[in-house]
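Hi,

Here is the structure I promised to pass on. Have a look at it first, and then read on for what turned up.

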Amino acid sequence: MSSMGEFFMGLGTLMGSIMFVYTMIQQFVPQHVSDYLSAYIYRIMEFANPYMEIRFDEFTGGGDWLKLSKAYTAVEAYLGPKSSKLAKRLKARIVKGDKNLAFSMDDYEEIVEDFEGVQIRWSLGMTVSKTKSFSRYPSATEERQHLTLKFHRRHREMVTTSYLNHVIREGKERLASMIENRHIRLYSNNANEYKLWSHVEFEHPVTFDHLAMDPAKKQEIIDDLLTFSKGRDYYLKIGKPWKRGYLLYGPPGTGKSSMIASMAKLLNYDIYDLELTAVTCNSELKHLLHNTSNKSITVIEDVDCSLDLTNKREKKKKEEDKDKEEEESDEDSKVTLSGLLNVIDGLWSACSKERIFVFTTNYVEKLDPALIRRGRMDKHIEMSFCSYEGFKVFAKIYLDLESHELFDTIRHLIHEVKVSPADVAENLMPKSIESDSQVCLQNLIKALEKIKEDEKLKAEEEEE
Ligand SMILES: Nc1ncnc2c1ncn2[C@@H]1O[C@H](COP(=O)(O)OP(=O)(O)OP(=O)(O)O)[C@@H](O)[C@H]1O
């Protein structure tokens, strides 16, 4: 390690001397001679420097279309444990859910590791953009990190093949285990004006076990999700992007949001809660979706309320010619149905893997058929009023009861009225930890009888 350090000191002195002499000469020679000399000096310096560099930038792409580099992320993960052992200056942070501090290399810090007898130097640098823009995405465009790998050029072959393969493989393995052990994140696109997405740790305790619905239907959904998550080879074989769309529809309080939370918990995917009304145009929508991660669920809740995405468009189409319709829909909102279809279904959708889209609505009949056709929304799931099976799930969870003489009365009542699972849960839930299960069941019966009575009165009024 010291020999590499000594060499760099020696090399630095030599370069410094050459530059000094060159600066002196420059003052006395004409410009064209100076240009000629600088080209030569550059070549001499390159020749004298036996070390090579490979740089990994934090972001790839250009302008506003930056994407976090996968290679950088893998290298960063690989260097994590090495930094805490080798670096003299470290950054420390607390990772939520972990008792220990996590360490990484500080800015401009270097570490040297030995790989099969070869010394390899890693350093963390920073590029700060000179032009301070006032765009919505300053963090990505103005301050970017890069990791640089330095080694002797006689090891070029080994470093660019076996060493880097080893780095990327180990980094990816570490990333996978970090993702498995970390908390699911809930991202939102309208919480912070300086970031595309802000996130919180998603700590919702609901799982599929808590969902009150027909057990066979629940199992079908679980199987579908698990098959999807293991479907890498299948999607490659059929030549389609690895993505799946779910449409959850049904009245309020039937568990659509709880279903999304359960899906994320089952697959350990992050959730991107996309608030369409906060998106100003199709291009911003594209940018937002381009910056979501693989293994994630993008959710658009109450899609019927989100801009002009309902079958109004279909009706208009019949009445007016196409150009006029496009103009009008542009006036209504900048995010158009075709813009949305393009990001979930077009070429852009193939830029990521293992992605789920979930749309929810209380009014499925209002949606444009183009939005929900099979292939786009692969699975349509009706979340409906509470069934006797649903009630049994709540009774088991809240009261630890699997049977009771009052269950029969409840079975008949639930069959006769339309009551949402949310209402059943609300009325059955014990008012205090000590509440008697008999009392809880009686409360539910009273509530169901009241609903039945109200429905009867309403029907009579409508008849009159
Ligand atoms: N099928 C269900 N299983 C278990 N709990 C449910 C179910 N449906 C509703 N709930 C309970 O009712 C509450 C509201 O449910 P949730 O928000 O998931 O319904 P939703 O269909 O998304 O409603 P909305 O359409 O109004 O957004 C939750 O606290 C949840 O615990």
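Strand β9 (residues 185–188) pairs with β10 in the antiparallel sense, over four bridges. If you want one spot to click on, take arginine 185: its bridge partner in β10 is glutamate 201. Keep in mind throughout that this is a predicted model.

Those two strands belong to an open sheet of seven, in the order β10-β9-β12-β13-β14-β11-β15, and the pairing in it is mixed. Which strands stand at the edges? They are β10 (198–201) and β15 (379–382); each has a single partner strand, so one side of each is left without a neighbour in the sheet. From one strand to the next, the twist averages 20°.

There's a helix to look at here too. α8 packs on this sheet and touches β11 (243–249), β12 (270–273), β13 (296–300) and β14 (355–361). The direction of α8 makes about 165° with that of β13.

Now zoom in on β13. How many of its residues are buried? Five of the five are, so β13 is largely enclosed by the rest of the structure. Both of its faces are covered: Ser296, Thr298 and Ile300 lie on one side, Ile297 and Val299 on the other, and all are buried.

Its neighbours are easy to trace. β12 and β13 pair in the parallel sense over four bridges, and aspartate 270 has serine 296 in β13 as its bridge partner. To get from β12 to β13, the chain crosses through helix α9 (residues 282–290), and this β-α-β crossover is right-handed. With β14, β13 also runs parallel, joined by five bridges. There, isoleucine 297 has isoleucine 356 in β14 as its bridge partner.

On to another sheet. This one is open as well, with four strands in the order β1-β8-β7-β6 and antiparallel pairing. Its edges are β1 (51–57) and β6 (110–115); each of them has a single partner strand, so one side of each is left without a neighbour in the sheet. The twist here averages 25° from one strand to the next.

Helix α3 (residues 70–86) packs on this four-stranded sheet, touching β1, β6, β7 and β8. The direction of α3 makes about 95° with that of β6.

Some details of the pairing: β7 (residues 118–128) and β8 (residues 143–152) are antiparallel, with eight bridges between them. Leucine 124 has leucine 147 in β8 as its bridge partner. β6 and β7 are antiparallel too, over six bridges, and valine 112 stands opposite arginine 121 in β7. What do β6 and β7 form? A hairpin, with two residues between the strands, and glutamate 116 in the turn has a positive phi of about 50°.

Last, the ligand. There are 16 residues around it, and Pro252, Gly255, Lys256, Pro421 and Ala422 come nearest. Which elements give two or more residues to this shell? They are α8 (256–267) and α16 (421–428). So you'll meet α8 twice: it gives residues to the shell around the ligand, and α8 also packs on the seven-stranded sheet. By type, the shell divides into eight nonpolar residues, seven polar and one charged.

Happy clicking!

How values were computed
Residues are numbered from 1 along each chain as its sequence is written. This is a predicted model: local features need pLDDT of at least 70, side-chain atom pairs count only at pLDDT 80 or more; totals for chains, interfaces and linings use all residues. Two strands pair if DSSP finds at least two bridges between them. Axes are lines fitted to C-alpha atoms, for helices over the stretch in contact, and angles run from 0 to 180 degrees between N-to-C directions. Two residues are in contact if their C-beta atoms, placed from the backbone, lie within 7 Å. A residue is near a molecule or strand if its C-beta atom, placed from the backbone, lies within 6 Å of it. Ala, Val, Leu, Ile, Met, Phe, Trp, Tyr, Cys and Pro count as nonpolar, Asp, Glu, Lys and Arg as charged, and the others, Gly among them, as polar. A residue is buried if 20 or more other C-beta atoms lie within 10 Å of its own, exposed if 12 or fewer, and partly exposed in between; C-beta atoms are placed from the backbone. A crossover is right-handed if, with the strands pointing away from the viewer, the path from the first strand over the helix to the second runs clockwise.
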